[in-house]
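Which charged side chains pair with each other, and where do the partners lie along the chain? The paragraphs below go through the salt bridges and then turn to a pair of strands.

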Amino acid sequence: MTLKQKILDATRQGLDIFLDLYPESAACLNNKKAKFKVRDEATPSAHIVKFTPQGGDDQWYLKDFGAAGKALDCIQAYAEYHKMNADTNWKEVCDRICKEYNIADTLNRDVNKPDFVKRQAKQEEEEGQTYFELSQDFTDAQLKIFGPLVTADVLKSMHWYVAIWIGTVKNRMITEKHTTPTYPIFVRECLVKKGDQEEVFYKKYEVYNVEKKYRFSYFPSGKKPQDYLNGLTELYQEFYRMRDKAREDWDLTHDENHPFDENHYKMPEAILCSGERDAACVRARGYMPLWKNSETADLDEYQYRELHQMIETLYNIPDIDSTGITMGTKLALQYPEIYTIWLPDWLSLRRDNRGKPMKDFRDWCSVKPKLSAFKDLIKGGKPAQFWIDKVDTKGNITHYISSEYLFHFLRLNGYYILKDENADDPRFIHIKNNIVESIQPQEIRNFVVRWANNDTGNEHGVTQRHGVREAILDTPKLEPAKLKSMEQVDISFDSADSKTQRFYFPNGTATVSADEIHFVPINQINTESYVWKENVLKFSYRKLDQMFEITITTNDQGQPNFDIQIKNPYVCQFFGFLINSSRLYWRKEMEDGFANIDERKEYASTHQFCIDGDGLAPEEIQEQKQTLINKIFAVGYILHQYKSPSRAWALYAMDNKVDEDDKCNGRSGKSFFVFAISQLRKTIKLSGRDPKQFDNPHVFDSVDQYTQILQIDDLSKSLQASRFYDIITGDLTVNPKNNRIFTIKFDQSPKLAMTTNYVPGDFDPSTTARLLPMIFSDYYHERTDTNGYLESRSVRDDFQMDLFTSSYSEQNWNAFYNFVMQCEQFYLRMFKEFPNVKIMPPMGNIMTRKLLQEMGPQFKDWASLYFMDEGPHVNTQIIRTDAWTAYKESTGSLESMKTFTRRLYAFVKWCPWIYELNPAPEYRNSQGRNVKNIVDECGVAKTVEFIYLRTVKEHTKKVNDRSFFDDKPF
């Protein structure tokens, strides 16, 4: 926030400055044509107006028609009034405004500090006691701290003082702490009635103490009652004064046969506030304030009954931060007769002079200082008691259900309509803490009935009178048609930003960042972010030790290299699954080199979850680690609900095993991976086996804006990833049956997770940019008589249980939660340190499978024979049409030359004995083609395209020959 913006926010967009400089300018607020003088002139020529400059925010300007219509903002006007130059001394002008209006970015220890004087204690000053010198000569700056309209008389009536100095005797020395212009020290004299006696204690208020916990203190020690209610003594004094005045007025119009009934006299109202400055603002507006020792202190039943005997209506003005809303709601439900005055939501969108969101009544007064505005605010107060007792002339009582109070009561208990522009019918919800549940209207009616019968578990609940219960049962205001008028709420279900991800548990919320996993218990959660009840994880969270450690080093180009140390693979079964599905060389490790089956089984049992097994080469171990790190990265990515346009990827899980003829493998754990993730995110699963279903306009019928993952399972060979380009990187349009079409914006749309037994046929740069591939080894497999496996192995075999079922223990669930959050932390670390890096798995086998798929078994078999090593068709020029004709004649294929050429390119990349096609520059022109001019057997000259396949042996020979001659001295 800029310094100018801080000044604008603290002065009502500059209005306060104009009103202080030119009090006559207040006339402009209600009269657009009003003018005032800014100089010695016969006719007033200045006017203030609020408008929005291009590219800026609303602010007040002074329009000076006596100076050619010059427009000045508040800073320029302040400078001109004080004969300063805003152009050359802008910072000095701003600093002076900040000092005058107590505008500070943060409290500064070097500026906001008292003066200290240390001296010998006087003889009469006792050890350990506090002494002071007080004054009620408040400066204008000190009055502004308390709020608009607060005068010295207001503070005097509340027994506030300024401490000229204050200090405590210690070791016969006293250090006097003196008030300064930048560090006022206020003291309030607090009266306590004990029988017929009044005792006094003092509350010290150091409003600018940098350490917030030291701003308030009490002395002498032990004098303050634990449940002290500030303002109660003053309220009694005002009550007695008003009662005596009422008696005098009564006696003027009544004789002694009609005495004044003082036992039933009540003063009209009192207002419960959340702090000292709020109370001062209330008192400044002519009302009696009360406030507790702290915002979270309770108003006990004895105090409430005491107040109820004195006043007709008790109002409460809570803060509108999370704590204030919680405590205000609690008080309203504990004492339903209290009228709660909720400050408007727009207040929290404004900033105070320290740049923090406005939240309390004193903040509201800085924006709406007029008494008339406060009276309008009071009119909006509502009780939680939603019926009104009406007494007829015969004394009969009827109970009228107030719709306004009923909806307020429902709001206090968390019942709302969710604002949803995509829905035709209202969606009723219930919110508790930050957990949202979708409900039916009948459930709202049932709740109110149970509440009236004290059957809701409320510790302060009481059974209502029979007449009230009857009125609730008979009222039509709880019918669905009437409930449609309930308050709508527009809440955020965002659980992430670019740096964090929240996980919601029954016992609290864990926020994961690159640096930590921070857990907040359920009773301390604020309501800035909400979660659907079905998205709250099943079991409570308990933090466990780190299960792995990934170290990152960088090469000379600054690119990261990764290594992983597995610390505990046995705590979380899902971690064990990821390890084993990343063991690309498990057969070499677990089957080769053992003398007998017993040795093999013994090794398997002692290396159950091992990524760096015995007998593997370093590069094989590194490949396996890279595969595992890629999966950990993928877990973090898919669980991170923040969507970055530069990281718009779909998970793409594939088999790593290469089979001849590109046979379909499967059973490797790909779908189980997504199934595990779906335990944490709302997932919609679609089958990818039938590509035609994606021609159906209603294919995404079950997807809504709260869907978090869209799973396309088991993609067929003909269903290309390019089919999903638009929804990977853009908005998602949903066409529900029997409902209107709506669009889910990219940042709210689900991430995609795809599984397939095939390599994408369109594995080009455009596709790979949109995919985050994962590869799964064939460690988990099904044995058949023809596939050569020694046994079948499933995920269940590793753990002797089915994972994520009803029999899965709470301990296992907690381990799973811990592991995935550790994955999330690693992903966010990558996002922070290497935002442009996508951790890929080793792609060698995947590329081999892609080439096999592009060749097809028929072409592969033909080309392996036609272009055999040291055969007649390698290391020589072959007319391309001759090779194409030979292929068609040998196989009966009707494929085009274009398809033949595409398969030939794939064969050259795959074939281990072929080095390259059409070596440059000998067999490739400037356009990259191998063409020659020849004369055919009929003597006709023409241009013909050739192919030349150079073998590895031929290439090696040429390199050696070149090196031989390069070494010669001539």
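In this predicted model, D389 and R465 form a salt bridge in which the closest N and O atoms are 3.1 Å apart. The two residues belong to distant parts of the chain: D389 is in strand β16, residues 387-391, while R465 is in the loop between α14 (441-452) and α15 (466-474), and 76 residues separate them. How accessible are the two partners? D389 has a relative accessible area of 36%, so D389 is partly exposed, since the partly exposed class runs between 20% and 50%. R465, at 44% relative accessibility, is also partly exposed.

Buried residues take part in such pairs as well. E176 forms a salt bridge with R119, and here the closest N and O atoms are 2.5 Å apart. E176 lies in strand β7 (residues 173-178) and R119 in strand β4 (residues 115-120), so this salt bridge ties together parts that are 57 residues apart in sequence. Buried means under 20% relative accessible area. E176 is buried because its relative accessibility is 8%, and R119 is buried with a relative accessible area of 17%.

A further salt bridge joins E922 to R950, with 3.4 Å between the closest N and O atoms. Distant parts of the chain are again linked: E922 sits in the loop between β36 (914-917) and β37 (931-935), R950 sits in strand β38 (residues 941-951), and the two are 28 residues apart. Are these partners buried or partly exposed? E922 is partly exposed, with a relative accessible area of 40%, whereas R950 is buried at 5%.

The general principle is simple: side chains of opposite charge can pair when their charged atoms come close. Pairing can also extend past two residues, as R39, E41 and D64 are linked in a network of salt bridges. How many salt bridges does the structure hold? The count is 47, and the pairs described above are among them, including D389 with R465 and E176 with R119.

The last stop is a pair of strands. Strand β23, residues 508-513, pairs with strand β24, residues 517-521, in the antiparallel sense, and the pairing runs over 5 bridges. What joins β23 to β24? The connection is a hairpin through 3 residues. Across the pairing, V512 stands opposite I517 in β24. In a regular strand the side chains alternate between the two faces of the sheet.

Key. Residues numbered from 1 in each chain as written. Predicted model: local features only at pLDDT ≥ 70, side-chain atom pairs only at ≥ 80, totals over all residues. Heavy atoms only, no water. Salt bridge = Lys/Arg side-chain N within 4 Å of Asp/Glu carboxyl O. Helix = DSSP H or I, 4+ residues; strand = E, 2+ residues; numbered from the N terminus. Buried < 20%, exposed > 50% of the residue type's maximum accessible area, 1.4 Å probe, protein only. Pairing = 2+ DSSP bridges.
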